[in-house]
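Subject: A structure for you to explore

Hello,

Here is the structure I promised to pass on to you. Have a look at it first, and then read on for what was found in it.

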Amino acid sequence: MKQQVSRRRFTKLAIGAAVVGFNADQRSWVTQASNTARPFDRLPKLDGALLLDEASRRAIATDQGKMFHRVPAAVLTPRSAQDIVAMVQYANHHGLKVAIRGNGHSRYGQTQVEAGVVIDLRSLNAARLRTRDSADAQPGAFWSAVADATLPRGLTPRLFPGTCLALLTVGGTLSAGGIGMTSHRYGALVDNVTDLDVVTGDGRFVTCSPEHEGELFDMVLAGQGQCGVIVRVGLPLAPAPSNVVFHELTYTDLDAFLADQFRLASEGRFDGQRGTMKRGESGAWTFVIEVGKFFTPPDEPDIRALEADLRFASAAAPARMTYYDYLFRFETRGGLAVDRPSPFITMWIPASASRTYLDSVLSLTPVVAALARFQGVEQISCYPLNTRCFKRPLFKVPNEAQAFALWLFRSVKPGDEAALSALLASNRELLAKMTAAGGKRYAPYSMVISPAEWQAHYGPEVWRRFVTAKAKYDPNRVLSPHPAIFGEN
């Protein structure tokens, strides 16, 4: 049975003693039976539970990168925003660090904390329609729950993540940024938020929006949990299409692929657009653009006419399905290894540098590249971006009109330290080339870097705002000690 501290009482531990507080000197939770405990404040009353058993703490001590392992002192499974207010205030009073976790989709230990408290937001998972123009979602709601709450009413967010909707939580995605197949039109997921409820690092509950507490709003979205914990998200809605027609265009020429990707994104011909680069058994690369148009029968668009002037080598037969099925078609797709060290990296490359940069990526041998396989084929995911659509200050994009989003899903066998070390060195080299070319990193898949590198990433003006916000909203540096953006706490 899990040991926990729940509402109105403290559950007895196996030794028969109740947990009553945290010993900041010994960095451990203390029971009434402890002979060495010094005076301390009692734990707050909670609607949810504070899990103290070893199994719960170890289960949450890693993320999907499988490279970092930090065991917390406790895991909070909140049932209300007030639970988070109470625990963050308690952490401030007792010198505890607090990590914020959705589904643990980070790769470099950002959602972990040693001997602190992990807030597991998955217990706050409701999504509901608020008005005909907006929805509310709790931070632990998966994007699939948002779709289920809105689509039956004929409404949809303008943008969903471009992967399995049941893998990503709303709060986790918005703390990072998030892009999808309609990002060429609507920017990042953090650009598609109306308002937030936030618990700041000093334990205050604040509702913010662009018009009210605008600086907090800006510093929480894509803020990696540095200034506050998202506890509610307002999402703008639009009428949902009923159907989608889409298919894949295959290229053998990289220049033609890139030119058509950027041209289509700039013109906005298609509603959905994404790219894939695939290496076959022979070692040759092919390049695929998937394009889709939304419609309501019987007014189906002529997808062939929209692509008549493109330079692809071949085209698959168009597929037709409901908008709901289109969004959920990745749910059963396999291929990504989840039980092995996976130092993924993601970056935004300026359009002018994309061709040269891709040469350095595509020339990596299969052994060095260590790319994940989907249905047995090495693949790299990519998206064209119109940077004018990305407006949140902490979601940094290159200083050009267009950029190329590149996702490298890399992994090694468990226990192969030499291979992991070589892969991390390769990542650092690729990211250095990206930075030299004027690119920007995607924070959750960006490696462990120094505060000076973070400062260079954000630039002087945004960095000044971020430092000021951290000091204002989390003055004791309680929240999200990793990735140590502002140095070791």
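Let me begin with one term: a residue counts as buried when its relative accessible area is under 20%, as exposed when that area is over 50%, and as partly exposed in between. Leu167, at 34% relative accessibility, therefore counts as partly exposed. Please keep in mind throughout that this is a predicted model.

Where does Leu167 lie? Its place is the loop between β11 (155-157) and α4 (170-176). If we leave aside neighbours within four places in sequence, Leu167 is in contact with Asn103, His105 and Phe142. Take His105 from that list: 62 residues separate it from Leu167 along the chain, yet the two C-alpha atoms are 8.0 Å apart.

Now compare that with Val88, which belongs to helix α2 (residues 81-94). Is Val88 buried or exposed? Its relative accessible area is 0%, so Val88 is buried. Beyond its neighbours within four places in sequence, Val88 is in contact with Ile119, Val199, Thr200, Gly201, Asp202, Gly203 and Leu479. For Val88 and Thr200, the separation is 112 residues in sequence and 8.3 Å in space, C-alpha to C-alpha.

With those two residues in mind, here is the whole chain. It has 14 helices and 24 strands. Of its 489 residues, 59% are buried. Among the contacts in the chain with a separation of 6 or more, 71% are between residues 24 or more positions apart.

Next, the aromatic rings. How many aromatic pairs does the structure hold? There are 26 aromatic pairs. One of them is formed by Phe294 and Tyr326. A pair of aromatic rings is described by the distance of the centres and the angle of the planes. For Phe294 and Tyr326 these values are 6.0 Å centre to centre and 75° between the planes, and the pair is edge-to-face. The cut-off behind that word is an angle over 60 degrees. This pair links distant parts of the chain, as Phe294 is in strand β17 (residues 285-295) and Tyr326 is in helix α9 (residues 323-327), 32 residues apart. The two partners also have their own accessibility values: Phe294 is partly exposed at a relative accessible area of 24%, whereas Tyr326 is buried at 3%.

There is also an aromatic cluster to look for, formed by Phe344, Trp348, Phe390, Phe395, Trp407, Phe409, Tyr442 and Tyr445. Phe344 has a further partner, as the charged end of Arg107 sits over its ring, 3.8 Å from the ring centre. A similar arrangement can be found at Phe246, where the charged end of Arg329 sits over the ring, 4.7 Å from its centre.

Now for two helices that pack together. Helix α13 (residues 451-458) and helix α14 (residues 460-473) have axes 6 Å apart and meet at an angle of about 120°. That angle makes α13 oblique to α14. Which residues of the two helices meet? From α13 there are Pro451, Trp454, Gln455 and Tyr458, and they meet Pro460, Val462, Trp463 and Phe466 in α14. The residues of this contact divide into 7 nonpolar, 1 polar and no charged.

Finally, some details of the backbone. A cis peptide bond joins Pro297 and Pro298, with omega at about 10°. Pro298 is in the loop between β17 and α8 (303-306), and β17 is the strand that holds Phe294 of the aromatic pair above. Another cis peptide bond runs from His482 to Pro483, with omega near 25°. Pro483 is in the segment after α14.

Two residues are worth a look for their phi angles. Gln224 is not a glycine, although its phi is positive, at about 55°. You will find Gln224 in the loop between α6 (214-220) and β14 (228-239), and it is buried, with a relative accessible area of 11%. Ala370 also has a positive phi, near 50°, in a residue other than glycine. Its place is the loop between α11 (366-369) and β21 (373-374). Ala370 is buried too, with a relative accessible area of 13%.

Enjoy exploring, and write back with any questions.

Best wishes

Conventions
Residues numbered from 1 in each chain as written. Predicted model: local features only at pLDDT ≥ 70, side-chain atom pairs only at ≥ 80, totals over all residues. Heavy atoms only, no water. Phe/Tyr/Trp six-rings, centres within 6.5 Å; stacked < 30°, edge-to-face > 60°. Helix = DSSP H or I, 4+ residues; strand = E, 2+ residues; numbered from the N terminus. Buried < 20%, exposed > 50% of the residue type's maximum accessible area, 1.4 Å probe, protein only. Lys NZ or Arg CZ within 6 Å of the ring centre and 35° of its normal. Axes fitted to C-alpha atoms, helices over the stretch in contact; angles between N-to-C directions. Parallel < 35°, antiparallel > 145°, perpendicular 65-115°, else oblique. Contact = heavy atoms within 4.5 Å. Nonpolar A, V, L, I, M, F, W, Y, C, P; charged D, E, K, R; others polar.
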